[in-house]
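User: Could you take a close look at one part of this model for me? I'd like to understand a single strand and the partners on either hand of it in the pairing.

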Amino acid sequence: MSRQPDLVIANATVVNSSGRRNAHILVQDGLITQLLDASEAVPAAARTIDAAGRLVVPGGVDGHCHVAQVTGRFRTLDDYRTTSTAALWGGTTTIIDFGIPRDAQETPLAAALHKKELATESRCDVALHGAVINWDETVPWQLEQLAAEGVRSVKMYTTNRGTTMADGDTILKVMREMVRLDGLTYIHAEHDPIIADCTEQHAQDGRIGITHLHRTRPELAEEISVKETLAMAEYTGAPVYFVHQSTPGAVDLVTEARARGLDAFSETCPHYVTLDDSVYSSAFPEWFACCPPMRDAKTVAALKERLASGAIHTMSSDHSCYDLSQKRERTDDVRAMPHGLPGVETRMPVTFTAMTSAGASVEDFVEAFSAAPARINAVPGKGSIAEGFDADLVVFDPAEERVVDGAALHMGTDFSPFDGKALTGWPAVVVSNGRVVLDGEGFHDPGAAGRFIPRNGFRQHQATPAVPAHAAAL
């Protein structure tokens with residue numbers, strides 16, 4: 001006789017990206033073992049949570065986080081314990097971090113393995129992207145080793161000369177290797193010569209402080225870089241994923257490439273569909289130092305329309321945990337400031353509010369918040385409430401509204417770019433790997449229970465049913 005479930009989420013309106021149904025969700029040993037029609041009696045379980053009147057969606061997958069990131073002389077103030085805790089508070093149960101070399105002496109393989117070791121303190125599940133800055137004869141072997149570790153994507157920057165920038169030769173050669181290894185190329189797309197020249201022109205004119213950030217990195221720089229990168233992807237046959245797209249023109253270039261048959265994907269971030277460049281004339285412009293910068297209100301509205309329509313595939317936080325003392329060291333010169341915003345905890349309500357206000361359905365929200373990040377990044381067991389998948393679940397009331405209080409969040413910093421904004425779609429219950437980590441009584445620290453998740457090959461994962469290997473054991 002089989003034992004009773006560890007957990008039942010009863011009377012749930014289960015919402016996946018493909019549709020919804022009323023069901024009881026049965027959980028055992030960290031997995032979803034059954035979806036029982038809600039017309040059936042609620043089965044006995046070690047714990048039962050009644051979700052009547054609320055929605056249950058898959059735990060969020062944040063495909064773009066920077067944890068304990070070192071860039072130049074700045075280091076983000078978080079660690080895996082802090083960021084993973086904040087992720088769970090915000091309904092995200094899997095984060096994907098980057099192993100970016102700190103300097104010329106650290107190799108791509110060493111950077112990723114270092115992050116994998118740090119991730120042993122994580123409260124939620126973790127996957128990793130690699131990163132390449134400079135090409136040498138060891139890079140193919142290093143990428144093979146990363147693939148064997150389950151790190152199946154590599155990020156490269158087309159800007160930030162002297163620190164993280166990869167030149168065109170490096171990008172093209174890495175793309176070839178990622179095709180060979182069935183991987184995914186991640187790109188931060190901003191045209192460096194345009195950025196460098198525009199920034200220098202502003203510096204010569206004395207307009208280089210934070211209030212001028214949005215003028216130093218024009219939309220054209222992003223769109224030209226996307227166009228060039230798509231040409232290299234088409235030439236090599238490499239699947240390519242563009243991080244934090246901030247303009248509708250950049251998204252449209254990806255849409256056009258997909259129509260030609262390219263495996264190309266667009267990501268945006270909550271701040272690009274919520275905040276516009278008027279923030280740089282606000283009382284605290286340093287709160288919004290990020291690259292690309294916020295765009296004008298018309299651009300923001302057009303970008304949000306593309307998110308709601310599905311032209312943008314994923315919503316990631318681009319979480320970077322600096323505090324205001326770091327931000328305020330050099331507000332006089334954007335070249336010397338740390339860029340990046342804390343956002344892993346607020347990704348769910350900002351995304352839900354932005355998308356539904358633009359006419360998107362809850363199913364559309366689930367696609368951008370969880371399903372597409374898991375599918376595109378080939379993360380097994382994530383992104384769906386289905387038998388055999390990991391029991392990563394979020395219960396929430398879509399009508400519940402809260403006002404963001406940056407001081408009350410858990411990201412390890414002292415501000416939020418969304419402070420004071422009224423948002424809907426906050427998590428009430430969060431289940432991670434079958435453990436209830438957030439409920440009406442507060443947060444229940446699971447300890448260092450997060451797992452490192454090796455990812456599948458990109459084309460392998462897209463071509464086969466998205467059922468995790470461990471489902472066969474059920």
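Analyst: Happy to help; what follows is a walk through one strand and its pairing, with a short look at a helix contact at the end. Please keep in mind that this is a predicted model.

Let's start with strand β21, which spans residues 427–432. Five of its six residues are buried, so β21 is largely enclosed by the rest of the structure. Buried here stands for under 20% relative accessible area.

Now to the partners. Strand β18, residues 393–396, pairs with β21 in the antiparallel sense, and four bridges hold that pairing. One residue pair to look for is Val 394, whose bridge partner in β21 is Val 430. β21 also runs antiparallel to strand β22, residues 435–439, to which three bridges join it. Here Ser 432 has Arg 435 of β22 as its bridge partner. β21 and β22 form a hairpin with two residues between them. In that turn, Asn 433 has a positive phi of about 55°.

As for the helices, α4 (residues 168–180) and α7 (residues 219–236) have axes that come within 10 Å and cross at roughly 40°. That angle makes α4 oblique to α7, and the crossing is right-handed. On the α4 side, the contact involves Gly 168, Ile 171, Leu 172, Met 175, Arg 176 and Val 179. These meet Thr 229, Met 232, Ala 233, Tyr 235 and Thr 236 in α7. Sorted by class, the contact of α4 with α7 comprises seven nonpolar, three polar and one charged residues.

Definitions and conventions. Residues are numbered from 1 along each chain as its sequence is written. This is a predicted model: local features need pLDDT of at least 70, side-chain atom pairs count only at pLDDT 80 or more; totals for chains, interfaces and linings use all residues. Side-chain values use heavy atoms; hydrogens and water are left out. Axes are lines fitted to C-alpha atoms, for helices over the stretch in contact, and angles run from 0 to 180 degrees between N-to-C directions. Angles under 35 degrees count as roughly parallel, over 145 as roughly antiparallel, 65 to 115 as roughly perpendicular and the rest as oblique. A crossing is left-handed if the near helix is turned anticlockwise from the far one by less than a right angle, and right-handed if clockwise. Contact means heavy atoms within 4.5 Å. Ala, Val, Leu, Ile, Met, Phe, Trp, Tyr, Cys and Pro count as nonpolar, Asp, Glu, Lys and Arg as charged, and the others, Gly among them, as polar. Buried means under 20% relative accessible area, exposed over 50%, partly exposed in between (1.4 Å probe, protein chains only). Two strands pair if DSSP finds at least two bridges between them.
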